[in-house]
Amino acid sequence: MQVVLDHSPPAGANVRSGKRTGFLLLSPSVLILLVWSIVPLVMTLWYSVQNYNLVDPTLHGFAGIDNYWYLLTDPDFLHSLLNTLVLVAGVLIISVGGGTLLAVLYDQEFFGRGIARILVISPFFIMPTVSALLWKNLMLHPIYGVYSAMMRAVGLTPIDWLARFPLLTVMMIVAWEWLPFAVLILLTAVQSLDGEQHEAARMDGAGPVARFRYIILPHLGRAISVVVMIETIYLLTIFAEISVTTAGGPGVASTNLAYLIYSRALLQFDVGGASAGGVIAIIIANIVAIFLVRAVARNLEA
Amino acid sequence: MALKTKNSTRIGVTILGWGIALWLFFPIFWMFLTSFKSEVQAISTPPKLFFMPTLSSYAEVFERASYWHFTFNTVIVSVGATASAIALAVPAAYSMAFMPSKRTRGTLLWMLSTRMLPPVGVLVPIYLLARNTHLLDTCTGLAIVDMLTNLPIIVWMLYTFFREVPAPILEAGRMDGATRWQEMTMVLLPLALPGIASTALLSLILCWNEAFWSLNLTSSHAAPLTAFIASFSSPEGLFFGKLSAASTLAVAPILVFGWISQKQLVRGLTFGAVK
């Protein structure tokens, strides 16, 4: 910071000095992010081609593609990859589909709308470990949970959701956290819609469905794509919700890629194998990231 | 006739809007309610909606010295990460907003792309680096990681806020002989203060709720509230009263912050793509 204290010449006198100052102000953030984005990445790549186990010092040396081969032929890995995709797709469908409809609903004027909106977006601010345990114990516990009590009240037998449908239940918990996010973003986008256009369409006799289809949806296009991409980045790494509810089980029924890498690295100490999984996670995330960066870049020009 | 349809639609929308809102909020409401029950009331079947409230669960949570320890860690990590990220980001955002070069756009997008790195992809190296530098299970270590993961969002958000400050105001200051430093601290910062405040709030929310690194990089010494709550996943979680009281305390401040700043959060969370 000291460097900008020197009394630089008055404005316009020296453009080059302006450039230098700009560069100096920018460089700390750029440098630190450069290190943060490159060093761990290179290390992951390096470990992924090494035989490296924290508790087995006899195992070392170059492994080539062994870690990848071992991982790609491991049924647990394929299962966890499938679970990851199911989780991401399921939560996206629920949150984006529901979020779009709710955004339109909460754009309507009704009594107490402001408070209702606040209630709807609240789950997004609950920390993941709290929401997971809230659902696991207070809501879905087969004996003491509220949902179980409701099922008994109407004569049904309560279901042990997390034991019988582990992946689906985790999906529901995560969707509960991310639906409010979609509503928050999409509602903001709906509100920026030009009211006159809406009114004109109604004058021309367009019904609510037609207006939704031909005016609201096209307007929401970019906001929806941004929500999809941001959620995907987060959903690829769902961890806490799985860790405190099912611990990936039973078996690997609710293990996703993030949980598999965690258990390989910190429970089995297989640094090489976990790193190979990490590289695969990075590749998947990058495919999504390319699209997100493009969408934001378009906006930057506008 | 038309009026009647409109009225009935309005009633339908009101019922639907409130019904969905109450259903989505119900788990949070129930947690709040359960936190005022005794352990016996908390697991009564059928669940009780009306009961004699008690503060015994809160008393038990407070009694444990460790509760304050976890809260302290969360506050230290969140505030430390946020403050250091903003200190780094303000000059960077100032530079890009008011001294743009032909590389600015590329730099902004590159910063955004660093946010796309999935944490789990670099879990192994970060864990080993933290262990080797003795930063494992320290507030400093967790704060550094939180700061780094949030820095791109913070630079972006500040950049969009700074862009809204009219450049002529800054130029006028410079004409009056203000240095760059004075221009930034005495002209820009007061003008952009609301934007900086909401940026800080978003960062606090994200750090406070961060769970992946908290669970993997801390164990006891630096464990924040997210990790404390996770410890209830053991059979101890069946003490619904205590679980609810601890959870209510852990989420209350952030819930209030979130309610206050929802509009600004949209901008930060979408990198300015939705305003």
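User: What pattern does chain B follow when read along the sequence?

Analyst: In this predicted model, chain B follows the pattern α-α-α-α-α-α-α-α-α-α-α-α-α-α along its sequence, and the count for the chain is accordingly given as 14 helices and zero strands.

User: How do you know how chain B stands against a compact globule of 275 residues?

Analyst: The globule rule takes 2.2 Å times the number of residues to the power 0.38, which for 275 residues comes near 19 Å, whereas chain B has a radius of gyration of 23 Å. Along its principal axes, the C-alpha trace of chain B spans about 75 × 70 × 35 Å.

User: What makes a residue of chain B count as buried, and what percentage of the chain is buried?

Analyst: A residue is called buried if 20 or more other C-beta atoms lie within 10 Å of its own, and buried residues make up 49% of the 275 residues in chain B.

User: Why are B:Leu201 and B:Gly258 put in different classes where H10(B) and H13(B) touch?

Analyst: The axes of helix H10 (residues 193-209) and helix H13 (residues 240-260) of chain B come within 10 Å and cross at roughly 150°. B:Leu201 of H10(B) and B:Gly258 of H13(B) are among the residues that make the contact; because Leu counts as nonpolar and Gly as polar, they fall on opposite sides of a tally of six nonpolar, two polar and no charged residues.

User: Which residues make up the side of chain B that touches chain A, by class?

Analyst: In chain B, 90 residues are in contact with 92 residues of chain A. Helix H1 (residues 2-34) of chain B gives the largest share of this side, 16 residues, and the side as a whole divides into 63 nonpolar, 22 polar and five charged residues.

Terms used
Residues numbered from 1 in each chain as written. Chains lettered and ligands numbered in written order. Predicted model: local features only at pLDDT ≥ 70, side-chain atom pairs only at ≥ 80, totals over all residues. Axes fitted to C-alpha atoms, helices over the stretch in contact; angles between N-to-C directions. Helix = DSSP H or I, 4+ residues; strand = E, 2+ residues; numbered from the N terminus. Contact = placed C-beta atoms within 7 Å. Buried ≥ 20, exposed ≤ 12 C-beta atoms within 10 Å, placed from the backbone.
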